Amino acid sequence: MGKIVGGFWMPHDPVMFVAPDAPPLAQREAVWAAYEACAERLAALQPTSVIIVGCDHYILFGTHCLPRYVIGTGDVDGPIDRLPGLERGAVRNHQALATHIVEHGDGQGVDWTVARSFTVDHSFSIPHQLVVKPAEALLGRELPSIPVYLACGVDPYISLQRSADLGRQLRAAVEAFDADERVVIIGSGGISHWVGTAEMGRVAEDFDREILALGVNGDLQALCAYSDEEILRRAGNGAMEIRNFACALAAIERPQGEVIAYEAVPAWVTGLGFVQLSVRAEHEPCITLPT
Amino acid sequence: MSRNVMERALWQLCVERVAKERFRQDAVGFLGRFALEEAEVRMIVEFDVAGLQAAGVNPMLTMGFWQELAPDRNMSLYKQRLGATDEHSAGFSAALKG
């Protein structure tokens with residue numbers, strides 16, 4: 001059977017590209033180094049494919065159609081939003097695995113919305129271009145990448161519980177796929193950030209560190225216990241992206257995490273956290289960090 | 001107030017080139033195709049982002065609309081129009097040199 005061999009949480013902050021020199025030097029170097037570290041760690045997992053869980057920012061989908069969750073099963077390109085330093089182009093998808101995930105979901109009560117052609121936005125392209133492509137260079141081979149998009153930015157939002165359900169279904173589908181498939185899942189999202197509101201530029205480090213600790217502890221239940229009201233009040237509308245974290249965490253069997261880096265960057269309007277998720281050995285004790 | 005119709009109009013203005021061009025030429029005329037009330041048209045034409053958000057419009061759309069079409073696309077001004085405090089404006093204003 002196939003296996004999800006690991007995962008990551010990482011941000012997709014477009015302001016990094018628009019105003020690269022805005023934060024202090026040490027802080028911006030730490031963020032770029034974190035992406036490099038993620039790429040090296042991704043390559044070390046010897047993956048054969050990647051699933052990137054992102055979200056629309058009211059660009060791809062309008063009021064006429066707002067899918068709670070969607071998977072790209074065919075042609076993929078992007079990003080649709082042009083950012084200096086991000087190339088727009090075709091992305092190699094793993095069409096067979098993506099189609100299998102949809103078919104598997106049909107029998108599991110998970111009725112994926114399907115995009116047979118899909119132009120992604122920066123929430124896919126930043127992890128893809130800063131982590132997956134460098135990992136491909138290290139490995140000397142392509143890593144087909146499947147886009148999964150959850151409704152984090154535009155209501156009606158997908159619930160945290162449903163996001164976790166999807167992560168579990170992704171894992172079950174991969175395990176029902178070809179034996180030699182080694183999949184890494186990336187939950188793409190900032191932690192605290194206020195997008196387009198009066199508070200934009202505020203970062204809530206206490207909330208961010210709470211979320212990071214849940215990743216380290218692999219505490220999916222606590223992650224899914226946040227109400228939308230609490231997230232919006234404490235960490236802003238952008239923090240609804242922790243749904244992507246819940247999906248990735250649920251896709252890992254017996255998850256645990258390691259914080260690679262965290263920077264609170266008001267100049268980039270976001271709390272930027274990088275976590276590597278792994279499978280805890282069956283008899284390995286769970287180390288619990290205070291939240 | 002019709003949040004759905006306002007978001008429909010603003011989404012088009014954020015992503016569709018033809019809609020942006022028509023709005024620049026004749027904003028009220030462009031908005032005439034939507035079932036908007038007079039006050040809603042005024043909020044859009046006047047870039048009243050605070051009013052739009054108070055009516056429930058998604059902040060991603062008000063920001064995108066401002067960045068695409070406001071006469072002065074300065075983000076500090078955008079935040080001022082939303083009533084941002086100096087504390088909230090400091091870091092982000094530096095980022096966008098605005």
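**Reading a predicted two-chain model**

Q: Let's start with confidence: what pLDDT does chain B average?
A: pLDDT is the predictor's confidence in each residue, from 0 to 100. Chain B averages a pLDDT of 91, and 86% of its residues score at least 70. Where pLDDT is low, the predicted coordinates should not be read in detail. This is a predicted model, in which local features need pLDDT of at least 70 and side-chain atom pairs count only at pLDDT 80 or more, while totals for chains, interfaces and linings use all residues. Residues are numbered from 1 along each chain as its sequence is written, and chains are lettered from A and ligands numbered from 1 in the order in which they are written.

Q: Which scores does the predictor give the complex?
A: For the complex, the ipTM is 0.93 and the pTM is 0.96.

Q: How many helices and strands are there in chain B?
A: Helices (H or I, at least four residues) and strands (E, at least two) are DSSP runs, numbered from the N terminus. Chain B has eight helices and zero strands, so its pattern along the sequence reads α-α-α-α-α-α-α-α. A residue is buried if 20 or more other C-beta atoms lie within 10 Å of its own, exposed if 12 or fewer, and partly exposed in between, with C-beta atoms placed from the backbone. Of the 98 residues in chain B, 40% are buried.

Q: How many residues does each chain bring to the contact?
A: Two residues are in contact if their C-beta atoms, placed from the backbone, lie within 7 Å. Here chain B brings 25 residues and chain A brings 24. On the side of chain B that touches chain A, α1 (3–15), α6 (59–69) and α8 (86–95) of chain B each supply at least two residues. The largest share of that side, seven residues, comes from α8(B). By type, the side of chain B that touches chain A has 13 nonpolar, eight polar and four charged residues. Ala, Val, Leu, Ile, Met, Phe, Trp, Tyr, Cys and Pro count as nonpolar, Asp, Glu, Lys and Arg as charged, and the others, Gly among them, as polar.

Q: Moving to chain A, at what angle do α5(A) and α9(A) pack?
A: Axes are lines fitted to C-alpha atoms, for helices over the stretch in contact, and angles run from 0 to 180 degrees between N-to-C directions. Helix α5 (residues 160–175) of chain A and helix α9 (residues 242–251) of chain A pack at about 35°, with axes 7 Å apart.

Q: Is their crossing left-handed or right-handed?
A: A crossing is left-handed if the near helix is turned anticlockwise from the far one by less than a right angle, and right-handed if clockwise. The crossing of α5(A) and α9(A) is right-handed. Residues making the contact include A:Leu160, A:Ala164 and A:Leu170 of α5(A) and A:Ala246, A:Cys247 and A:Leu249 of α9(A). The residues of this contact divide into 10 nonpolar, two polar and three charged.

Q: Which strands pair with β7(A) in the parallel sense?
A: Two strands pair if DSSP finds at least two bridges between them. Strand β1 (residues 3–10) of chain A runs parallel to β7(A) and is joined to it by seven bridges, with A:Gly6 opposite A:Val184. Strand β2 (residues 49–54) of chain A pairs with β7(A) in the parallel sense over five bridges, and A:Val53 stands opposite A:Gly187. Strand β7 (residues 182–188) of chain A is mostly covered, with six of its seven residues buried.

Q: How do β8(A) and β9(A) run?
A: Strand β8 (residues 255–265) of chain A and strand β9 (residues 270–279) of chain A run antiparallel, joined by 10 bridges. Their hairpin has four residues between the strands, and A:Val269 takes a positive phi near 60° there.

Q: What about loops: is A:Tyr58 buried or exposed?
A: A:Tyr58 is buried because 24 other C-beta atoms lie within 10 Å. A:Tyr58 sits in the loop between β2 and β3 of chain A and has a positive phi of about 65° although it is not a glycine. A:Arg254 also is not a glycine and has a positive phi of about 45°, but A:Arg254 counts as exposed, with 12 C-beta neighbours inside 10 Å.

Q: Which peptide bond leading to A:Pro79 is cis?
A: The bond from A:Gly78 to A:Pro79 is cis, with omega near 5°. The bond from A:Asp155 to A:Pro156 is cis, with omega near 5°, and A:Pro156 lies in the loop between β6 (145–150) and α5 of chain A.
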